[in-house]
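Work through the exercises below with the model open. Each task is followed by a solution in steps.

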Amino acid sequence: MKVANNKVTAISYELTVEGKVADKASADKPLEYIHGTGMLLPKFEMELEGKEEGDAFAFTLTPEEGYGQVDPRYVVEIPKTAFMVEGMLREDLLKEGNVIPMMNSDGHVVQGTVAGIGEDTVKMDFNHPMAGKTLNFTGRIESVREATKKELEEGLHGEYLPTDGECGCEGGCHNGNCEGEGECHHGEGECCGHHKGKCCHEGK
């Protein structure tokens, strides 16, 4: 069976960025997704289209084909009061390089990286961690099968089901469903240059 729309595809892979392994999934714990449903980067899916179980792959995505270039509009200063949880400033979160889930003005959860800490404000970078990076993938198609009706309606991991409205931030990987060990493959699509934000840490 070939990789095509509405096929559940499992892949093992390794992603290298600037000569270092940035993300991977092994053959015994592969990344599974429903092809053609927008779970992965469009060019990533195009490279796998038509391949069969056992086929190897190797390709490179430019920043434009991946997560775009770094946009300075997505680096913003946010008042420290936005990081108050139950009346307490979460100083344990405010460390440069930390990734913090936050709620934007549209009520969506977005991932921001602490880029700097001032006296009254925190500089947050809402660009994707892989923005501006060239992505080098190698891997293998582990299996291909038809998706069930339930999987097409609810998602492979239930990602199409309505949520309870809480801030259950699972990260920036495969549309919120990490199968690998790092951060990659699906853009957030929601980077918020107009971020008014509030801290949304572990549903609190």
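**Exercise 1. Aromatic rings**

Task: Find which residues form one aromatic cluster, and classify the pairs made by Phe-137 with Phe-44 and Phe-59.

Solution.
- Step 1. The model is predicted. Tyr-13, Phe-44, Phe-57, Phe-59 and Phe-137 form one aromatic cluster. Five aromatic pairs turn up in a search of the whole structure.
- Step 2. Take Phe-44 and Phe-137. Their centres are 4.8 Å apart and their planes stand at 85°. Planes over 60 degrees apart count as edge-to-face, and this pair is edge-to-face.
- Step 3. Place the two residues. Phe-44 belongs to helix H1 (residues 42-48) and Phe-137 to strand E11 (residues 135-146), so the pair ties together parts 93 residues apart in sequence.
- Step 4. Now take Phe-59 and Phe-137. The ring centres lie 5.4 Å apart with the planes at 35°, so this pair is tilted. Phe-59 sits in strand E4 (residues 56-61), and 78 residues separate it from Phe-137 in E11.
- Step 5. Check burial. The cut-off for buried is under 20% relative accessible area. Phe-59 has 8%, so it is buried. Phe-137 has 1%, so it is buried. Phe-44 is buried too.

**Exercise 2. Nonpolar cores**

Task: Which residues of the largest nonpolar core touch the most other members, and which elements give two or more residues to this core?

Solution.
- Step 1. The largest nonpolar core has 22 residues. Ile-11, Phe-44, Leu-48, Phe-57, Leu-135 and Phe-137 touch the most other members.
- Step 2. Two or more residues come from each of strand E1 (7-17), strand E3 (31-34), H1, E4 and E11.
- Step 3. Look for a further core. Another core lies apart from this one, with 13 residues, among them Val-76, Ala-82, Phe-83 and Phe-126.
- Step 4. Relate this to Exercise 1. Phe-44 and Phe-137 appear in the core list, and both also belong to the aromatic cluster.
- Step 5. Add the background. In soluble globular proteins, nonpolar side chains tend to be buried together.

**Exercise 3. Two polar loop residues**

Task: Is Asn-127 buried or exposed? Which polar contacts does its side chain make? Then treat Asp-92 likewise.

Solution.
- Step 1. Asn-127 lies in the loop between strand E10 (121-125) and E11. Its relative accessibility is 6%, so it counts as buried.
- Step 2. The Asn-127 side chain reaches the backbone nitrogen of Asp-71 at 2.8 Å. That side chain also makes a polar contact with the side chain of Asp-125, at 2.8 Å.
- Step 3. Asp-92 is in the loop between strand E7 (88-89) and strand E8 (99-103). Its relative accessibility is 43%, so it counts as partly exposed.
- Step 4. The side chain of Asp-92 is joined to that of Arg-90 by a polar contact of 2.8 Å.

**Exercise 4. From E8 to E10**

Task: How many bridges join E8 to E9, and how many join E9 to E10?

Solution.
- Step 1. E8 and strand E9 (residues 109-117) run antiparallel, joined by five bridges. Met-102 has Val-110 in E9 as its bridge partner.
- Step 2. Inspect the turn. The hairpin of E8 and E9 has five residues between the strands, and Gly-107 takes a positive phi near 85° there.
- Step 3. E9 and E10 also run antiparallel, with four bridges. The bridge partner of Ile-117 in E10 is Val-122.
- Step 4. E9 and E10 form a hairpin, with three residues between them.

Methods. Residues numbered from 1 in each chain as written. Predicted model: local features only at pLDDT ≥ 70, side-chain atom pairs only at ≥ 80, totals over all residues. Heavy atoms only, no water. Phe/Tyr/Trp six-rings, centres within 6.5 Å; stacked < 30°, edge-to-face > 60°. Buried < 20%, exposed > 50% of the residue type's maximum accessible area, 1.4 Å probe, protein only. Polar contact = N/O pair within 3.5 Å; in protein donor to acceptor, adjacent residues only side chain to side chain. Core = buried A, V, L, I, M, F, W, Y, C linked by side-chain atoms within 4.5 Å. Pairing = 2+ DSSP bridges.
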